[in-house]
Amino acid sequence: MKKNFFFLFLSFFFFSLSAQDTYHQELLLQLQSEYGLENPSYILSNQEVNNLDGTYLYGNASQISSSVTGSTFQRKLTIKNNSIGNNPWDAGFGTPNQGTIAEGDVCLMVFWGRKISSDSDVSLFIENVDNFDKEVYSSFSFQVDWTQYFVAFESSENYASNKLAFGLHLASAVQEFEIAGLTVLNFKDQYPLENFPSIFSPGNYEGNEIDAPWRAAAASRIETLRKAALQIKVV
């Protein structure tokens, strides 16, 4: 009986792992090894292609889907906003939740992105689809290179399926960018919010990179404006 139970356990384990695509398998391993986060449920699909296919786009914007090679993700969307609106939300991209979310659940939105145009100005939203109350709303700019983004939040209320939207407002700039690997995971109450990586945490401001351009300019100003030759005469 014990052998049969062990066999059933292994069968269930490997079935659960194979139910996810390779992208999600590698993401779960990354979250476990780098942040100690385990055992989430899925708010979106566990297939990256399904998550991109399930998005919506509105306003004066367009998108093209294409495959990707040599990366952890297999597909990307190239999104272009063609005009500046009166409001950032005059054009947008997003997707609704599939899995339910309970008040107090800690969820993690994950995606990859990079800019194609020189300008980049998007506003990330996680909002109630009925009254537009926000769980998260903040602006940021995509970088030139592919960058992985994490957005963690603790839900303020219960959400049935299709009642919470995850996405980007686009109309602040004429811009073009690529996005891939979009997914949302629910860790419920296993870990406190501060255990999660998030681009909107204090340490993840835009330009926090060690090689960010502003650092060299700041160092140059320190050398020229705040330093001078000093002579010491000892009598």
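Start by selecting Y191 in this predicted model. At 17% relative accessibility, Y191 counts as buried, because the cut-off for that word is under 20%. Now add F187, which is buried as well, with a relative accessible area of 1%.

Show both side chains. A pair of aromatic rings is described by the distance of the centres and the angle of the planes. For F187 and Y191, the centres are 6.1 Å apart and the planes meet at 65 degrees, so the pair is edge-to-face. Across the whole structure, a search finds 14 aromatic pairs.

Next, select F111, F140, F142, Y149, F177 and F200. Ring pairs link these residues into a cluster.

Keep F111 and hide the rest. What is F111 in contact with, leaving aside its neighbours within four places in sequence? The partners are L124, F140, F142, T147, Q148, Y149, V151, I179, A180, G181 and L182.

F111 also leads to the largest nonpolar core, which has 32 residues; F111 and L168 touch the most other members. To see where this core comes from, colour the elements that give two or more residues to it: strand 4 (75-81), strand 6 (106-115), strand 7 (122-128), strand 8 (134-140), strand 9 (147-154), strand 10 (164-169) and strand 11 (175-186). Strand 11 provides the largest share, 4 residues. Apart from this core lies another, of 17 residues; select L31, L37, V68 and A152, which are among them. In soluble globular proteins, nonpolar side chains tend to be buried together.

Go to strand 4 and pick T78, which has its place there. Is T78 buried or exposed? T78 is buried, with a relative accessible area of 16%. Its side chain makes a polar contact with the side chain of E178, at 3.4 Å. Beyond its neighbours within four places in sequence, T78 is in contact with S62, Q63, I64, E176, F177 and E178.

Then select K134 and Y137. The charged end of K134 sits over the ring of Y137, 5.5 Å from the ring centre.

Finally, zoom out to the whole protein. How many helices and strands does the protein have? There are 4 helices and 11 strands. Of the 235 residues, 39% are buried. The protein exposes about 13,400 Å², and carbon and sulfur atoms supply 55% of that area. Among contacts with a separation of 6 or more, 78% are between residues 24 or more positions apart.

Technical notes
Residues numbered from 1 in each chain as written. Predicted model: local features only at pLDDT ≥ 70, side-chain atom pairs only at ≥ 80, totals over all residues. Heavy atoms only, no water. Core = buried A, V, L, I, M, F, W, Y, C linked by side-chain atoms within 4.5 Å. Buried < 20%, exposed > 50% of the residue type's maximum accessible area, 1.4 Å probe, protein only. Contact = heavy atoms within 4.5 Å. Areas by Shrake-Rupley, 256 points an atom, 1.4 Å probe, with all protein chains shown as cover. Phe/Tyr/Trp six-rings, centres within 6.5 Å; stacked < 30°, edge-to-face > 60°. Lys NZ or Arg CZ within 6 Å of the ring centre and 35° of its normal. Polar contact = N/O pair within 3.5 Å; in protein donor to acceptor, adjacent residues only side chain to side chain.
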